[in-house]
Amino acid sequence: MWSWLRRQRDALTPVMFRVRNPQGAVVDVVELEGVFDRRSRVRTRKRTADGLCQVHWPEGSTRLDVTVTHDEGSASLTVRSDRKDPHRVVEVMLAAPAE
């Protein structure tokens, strides 16, 4: 009967990214493409709020390898569910594309 409560308690904190362009300004829209534990994929376009966007962990996942892309640049990073402070926003600074 209380299984829904147990599932909520055991759920991982979503990953919150704040994305900035190469000049440091927050971006309004990002493309996210990544893989959770080499099993589950995420590919989405998200409108941000003050540069913030959120990604939820699939059940059982512990690692996300993700590339964040915007018209002004991109960045690739790895985020782990067991990181020191999972409630902290992950700051992402995009690198300008090579010319």
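This report describes the fold, the sheet and one buried loop residue of a predicted protein model.

The model is a prediction in which local features need pLDDT of at least 70 and side-chain atom pairs count only at pLDDT 80 or more, whereas totals for chains, interfaces and linings use all residues. Residues are numbered from 1 along each chain as its sequence is written, and side-chain values use heavy atoms, with hydrogens and water left out.

**Overall fold**

The secondary structure comprises one helix and seven strands, arranged along the sequence in the pattern α-β-β-β-β-β-β-β; helices (H or I, at least four residues) and strands (E, at least two) are DSSP runs, numbered from the N terminus. Of the 99 residues, 31% count as buried, where buried means under 20% relative accessible area, exposed over 50%, and partly exposed in between, with a 1.4 Å probe and protein chains only. The protein exposes about 6,900 Å², of which carbon and sulfur atoms supply 48%; accessible areas come from the Shrake-Rupley method with a 1.4 Å probe, and for residues only the protein chains shown count as cover. Among contacts (heavy atoms within 4.5 Å) with a separation of 6 or more, 54% are between residues 24 or more positions apart.

**The sheet**

Four strands make an open sheet in the order S3-S2-S5-S6 with antiparallel pairing, two strands being paired if DSSP finds at least two bridges between them. Strand S3 (40-47) and strand S6 (73-80) are the edge strands, each of which pairs on one side only. From one strand to the next, the twist averages 15 degrees, with axes taken as lines fitted to C-alpha atoms (for helices over the stretch in contact) and angles running from 0 to 180 degrees between N-to-C directions.

Two of the pairings, both involving S2, are set out here.

| Strand pair | Sense | Bridges | A facing pair |
|---|---|---|---|
| S2 and S5 | antiparallel | six bridges | Phe36 and Leu64 |
| S2 and S3 | antiparallel | eight bridges | Glu31 and Arg45 |

S2 covers residues 29-36 and S5 covers residues 63-70. S2 and S3 also form a hairpin with three residues between them, and Asp37 in that turn has a positive phi of about 45 degrees.

**Ser61**

Ser61 lies in the loop between strand S4 (52-55) and S5. Ser61 is nevertheless buried, with a relative accessible area of 2%. Leaving aside neighbours within four places in sequence, Ser61 is in contact with Leu12, Phe36, Asp37, Arg39 and Ser81. Among these, Phe36 is the bridge partner of Leu64 in S5, and Asp37 is the turn residue with the positive phi.
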